[in-house]
Amino acid sequence: MSLTSADTIRRRFGDHRPGLQLISVVDAALPVTILRVDVLAQERKPLPLLEEFILRFVHAGVREIDEIAALLGLRRDQVVSTVADQISSSNLVRSSAGELGLTTLGLEAARNLAAVQPVLTQLNVPFDRLVWNAQDYARGALIKKRDAQEAGLEILPAKKSSRVDLPDLTVERFNELVESREDRARRVEVLRVRKIASQNVHLYLPAQLLVYGDTESGEVELGLCIDGDLQAAHGLELAAADAVIKLGISVARPEPRPTLARELEEQRVGSDQVELLRVAGGRIDPEVHESSENASRVEDMAVRSVGVHEHPELLTSALNGAKRRMLLIAPWVKGGVVNTDFVAALERRLRAGVQVHIGHGYGPDDKGSDDFALRKLANLADRYDNLRVVRLRNTHAKILIFDDQWITTSFNWLSFRGDPNRTYRMEEGTLVQIQSEVDKAFDRYNEILNAGGVDPRVQH
């Protein structure tokens, strides 16, 4: 399975909780147990049950309609109607004396029906422990808990801690799953679930947790997306399980947005106007905002707001597209961001000759960061002279500069998927695309990295 972009989810499901904002889209892991289940199954028969029995009775020598009706305990008109259908299908014929007989096609159908026998077989069934039901999840999409934790995925709670019992599995649900599969041409029908042979394989399905909230009241609600679709049943179970409390999730007012020099603030296009332009796909009315007069696209704005959901996409753009330089400063480094994909993309930039500077750290130690994520950066720095990783002593800056773009923000660039406090805010930043200003910012933050995190301009 693949995870849908946060921006796509925001546009599709951002208004699904009236009165609440979609504050964050968090990569999560859904608990799944692989059950090995013994079932009694057979190849699905092509005829309805009544038609099958009538053909089999005629094949056995019962040729009178009244006799068949008596044996089946049905009204005569019900049998007559079904017999008429089988005569129309060229499976039955009726003699002048009123006796039924099988055609060549009918004889073949009766023999095939008699040959279909139930067999005992074993199925591997993914069982979703949040909604407590069997699901048709692809085995290849499931991952181990260790891998989910190293990727910084939010581990979701199960509905129950107990083992799955036989009454939790129904024949109707099994046949629904069989019908939904692409290989349904096999036409297998489960007749009975006999026993659970094993349930010792516990895995996780990557999904996306939607955090809706009101930063004023602190109210929080959760949703869940699987393969880009919002799952209503999972949302209800998250609420019933008090997942907000169990996961320690809260929402809060954002930290103040870092302000720029007065002349840049005067040019800045606010979040409301940026969103209007995105939705309209056209020009912002210059009478509404003077600085937008020559900006027909968001990408052309010299100074504009950056919303919380856009930050990860800008980081991805830097990792995939920086040509000359990249500078990143963030307080914490978490494995949910600095994962295998991050390191691979960063290494591609380094091989392309991009000069990369990374500063991290806040306070006397790295307790807010993941050791294995820091090691990944250190190992890469040992191999490439054009990567510098600096442990900072004390800086509040959260900066991303790549080529001629500069983003200053309150967003934690390298830990947004693994905030240890699980407090989510509608962080806002500013993107500047004026080359002279970007150059000045780059030089300034380079000095901060050289000084170990202390801004030389404010030293006493």
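Which residue follows α3, and is its phi positive or negative? Select Gly73 to find out: Gly73 comes after α3, and its phi is positive, near 70 degrees. Please keep in mind throughout that this is a predicted model.

**The whole chain**

Before going further into detail, colour the protein by secondary structure, where you will find 15 helices and 18 strands. Of its 460 residues, 47% count as buried, and the protein exposes about 23400 Å², of which carbon and sulfur atoms supply 47%. Among the contacts with a separation of 6 or more, 78% are between residues 24 or more positions apart.

**Helix α3**

Return now to α3 and select residues 65-72, within which Ile65, Ile68 and Ala69 are the buried residues. Looking down the axis of α3, you will see these buried residues within an arc of 100 degrees, so they line one face of the helix. On the face turned away from that buried side, Ala70 and Leu71 are exposed. If you then show α2 (49-59), α4 (76-88), β2 (92-94) and β3 (100-102), you have the elements against which the buried residues of α3 pack.

**Strand β4 and Pro126**

Next, select β4, residues 119-128, and within this strand pick out Pro126. Pro126 counts as buried because its relative accessibility is 7%, which falls under the 20% cut-off. Setting aside neighbours within four places in sequence, Pro126 is in contact with Val32, Thr33 and Ile34, and also with Asn133, Ala134, Gln135 and Tyr137. A distance drawn from the C-alpha atom of Pro126 to that of Ala138, twelve residues away along the chain, comes to 8.3 Å.

**The seven-stranded sheet**

Now show the strands of an open sheet with mixed pairing, whose seven members follow the order β11-β18-β16-β15-β12-β13-β14. At the edges stand β11 and β14 (387-391), each with a single partner strand, so one side of each has no neighbour in the sheet. From one strand to the next the twist averages 10 degrees. Zoom in on β13 and β14, which run parallel and are joined by five bridges; Ile358 has Val389 of β14 as its bridge partner. Add α12 to the view, and you will see this helix packing on the sheet, where α12 touches β11, β12, β15, β16 and β18 and its direction makes about 35 degrees with that of β15.

**Helix α12**

With α12 still selected, highlight His311, Leu314, Leu315, Ala318 and Leu319, which are buried. Down the axis of α12, the buried residues fall within an arc of 135 degrees, so they line one face of the helix. They pack not only against strands, including β11 (303-306), β16 (405-409) and β18 (429-432), but also against α13.

**The nonpolar cores**

Finally, turn to the largest nonpolar core, which has 35 residues, and show Leu315, Met326, Phe342, Leu346, Leu400, Trp413 and Leu414, the members that touch the most others. Two or more residues of this core come from each of α12 (311-321), β12 (325-330), α13 (340-351), β13 (355-360), α14 (371-383) and β15 (399-402), and α13 gives the most, with five residues. Centre the view on Phe342, which touches Leu315, Leu319, Val337, Leu377 and Leu414 when residues up to four places away in sequence are not counted. Apart from this core lies another one, of 26 residues, and you can locate it by selecting Ile23, Leu156, Ile226 and Ala243, which are among its members.

Note on methods:
Residues numbered from 1 in each chain as written. Predicted model: local features only at pLDDT ≥ 70, side-chain atom pairs only at ≥ 80, totals over all residues. Heavy atoms only, no water. Core = buried A, V, L, I, M, F, W, Y, C linked by side-chain atoms within 4.5 Å. Buried < 20%, exposed > 50% of the residue type's maximum accessible area, 1.4 Å probe, protein only. Helix = DSSP H or I, 4+ residues; strand = E, 2+ residues; numbered from the N terminus. Contact = heavy atoms within 4.5 Å. Arc of directions from axis to C-beta. Areas by Shrake-Rupley, 256 points an atom, 1.4 Å probe, with all protein chains shown as cover. Pairing = 2+ DSSP bridges. Axes fitted to C-alpha atoms, helices over the stretch in contact; angles between N-to-C directions.
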